[in-house]
Amino acid sequence: MKTCIHHIETLLPEYAYRQDFARDRMTEWLPGKRNRRLIHGIYDHSGIETRYSVLPDFGPNADPVLFRNNEEGKIIEPGTAERNNYYRQCARSMVVEAGRKAMQHAEGFSAGNVTHVITVSCTGFYNPGPDLDLIKGLGLSESTERYNIGFMGCYAAFPALRMADQF
């Protein structure tokens with residue numbers, strides 16, 4: 001059987017930041033010559049023009065969710081638990097919304113046709129994860145096989161595609 005991608009759907013978080021704005025914001029938060037050099041090196045050579053986030057924290061006059069300033073105006077970095085709790089909250093609704101959009105626009109496919117679900121994230125983690133949220137949120141069969149690939153960064157898309165090809 002020939003493997004092909006039938007439909008691609010995207011869903012972007014609510015907030016968008018130009019790369020130069022995000023770079024300058026990070027430079028404000030992490031002062032010092034060394035930090036400035038590292039931040040400029042990363043942001044100026046990434047090839048990214050716009051960054052998207054579920055966080056309003058980076059915008060001007062933002063009401064921060066995770067990244068707050070202390071009394072001296074220095075950034076208080078959130079811990080892993082706080083970041084993951086917010087990730088879980090946002091990922092649950094976003095994965096289901098993206099899945100619904102994909103099912104609506106994929107001609108000739110319905111929930112009954114889905115036998116496997118592969119989710120990929122390099123942002124955060126929780127268990128049970130977005131794969132189960134997607135199955136429940138779309139009303140897929142309980143026998144749907146589910147796989148969640150994490151801890152590989154953006155590269156994880158490639159093993160996910162290879163896995164789908166094997167199925």
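A residue counts as buried under 20% relative accessible area, as exposed over 50%, and as partly exposed in between. This tour applies those classes to a predicted model.

**The whole chain.** Begin with the protein chain in cartoon representation. Five helices and six strands are present, and from the N terminus the elements follow the order β-α-α-β-β-β-α-β-α-β-α. Along the principal axes, the C-alpha atoms occupy a box of roughly 60 × 30 × 25 Å. Of the 167 residues, 29% are buried. Among contacts with a separation of 6 or more, 63% join residues 24 or more positions apart. A surface representation corresponds to an exposed area of about 11,600 Å², of which carbon and sulfur atoms supply 52%.

**Helix α1.** Select residues 19–29, which form helix α1; the buried residues here are Gln19, Ala22, Arg23, Arg25, Met26, Thr27 and Trp29. Their packing partners are β1, α2 (33–44), β2 (50–53) and β4 (75–76). An α-helix has 3.6 residues a turn, so residues three or four places apart point the same way.

**Charged pairs around α1.** Side chains of opposite charge can pair when their charged atoms come close. Show aspartate 24 and arginine 23 as sticks: their side chains form a salt bridge with an N to O distance of 2.9 Å. Aspartate 24 is partly exposed because its relative accessible area is 35%, whereas arginine 23, at 16%, is buried. Add Asp44 to the selection, and a network of salt bridges linking Arg23, Asp24 and Asp44 is complete. Next, select aspartate 20 and arginine 18, another salt bridge, in which the closest N and O atoms are 3.4 Å apart. Aspartate 20 is partly exposed at 32%, while arginine 18 is exposed at 56%.

**Histidine 40.** Move to helix α2 and select histidine 40. Is histidine 40 buried or exposed? With a relative accessible area of 17%, histidine 40 is buried. Leaving aside residues up to four places away in sequence, histidine 40 touches Arg23, Thr27 and His45. Two of the names in that list, Arg23 and Thr27, also belong to the buried residues of α1.

**A link across the sequence.** The structure holds nine salt bridges in total. For one of them, select lysine 101 and glutamate 9, whose side chains meet at 3.6 Å, N to O. Lysine 101 belongs to helix α3 and glutamate 9 to the segment before β1, so that the pair connects distant parts of the chain, 92 residues apart. Lysine 101 is partly exposed at 24% relative accessibility, and glutamate 9 is partly exposed at 24% as well.

**The second largest pocket.** Rolling a probe the size of a water molecule over the atoms shows where empty space is left. The second largest pocket has a volume of about 150 Å³. To display its lining, select Leu11, Leu12, Pro13, Glu14, Tyr15, Val54, Tyr86, Cys90, Ser93, Met94 and Glu97. Which element gives the largest share of this lining? Helix α3 (residues 80–105) does, with five residues.

**A nonpolar surface patch.** Finally, return to the surface representation and select Ile5, Ile8, Met152, Tyr155, Phe158 and Leu161. Together they form a nonpolar patch with about 650 Å² of accessible area. Isoleucine 5 lies in the segment before β1 (15–18) and is exposed, at 59% relative accessibility.

Notes. Residues numbered from 1 in each chain as written. Predicted model: local features only at pLDDT ≥ 70, side-chain atom pairs only at ≥ 80, totals over all residues. Heavy atoms only, no water. Patch = residues over 30% accessible without salt bridge, like charges linked within 9 Å, V, L, I, M, F, W, Y side chains within 5 Å. Areas by Shrake-Rupley, 256 points an atom, 1.4 Å probe, with all protein chains shown as cover. Salt bridge = Lys/Arg side-chain N within 4 Å of Asp/Glu carboxyl O. Helix = DSSP H or I, 4+ residues; strand = E, 2+ residues; numbered from the N terminus. Buried < 20%, exposed > 50% of the residue type's maximum accessible area, 1.4 Å probe, protein only. Contact = heavy atoms within 4.5 Å. 1 Å grid on protein atoms, 1.4 Å probe; cavity = no way out; pocket = protein on both sides within 12 Å on 5 of 7 lines; lining within 4 Å. Points joined across faces, edges and corners; volume = space filled by probe spheres on them.
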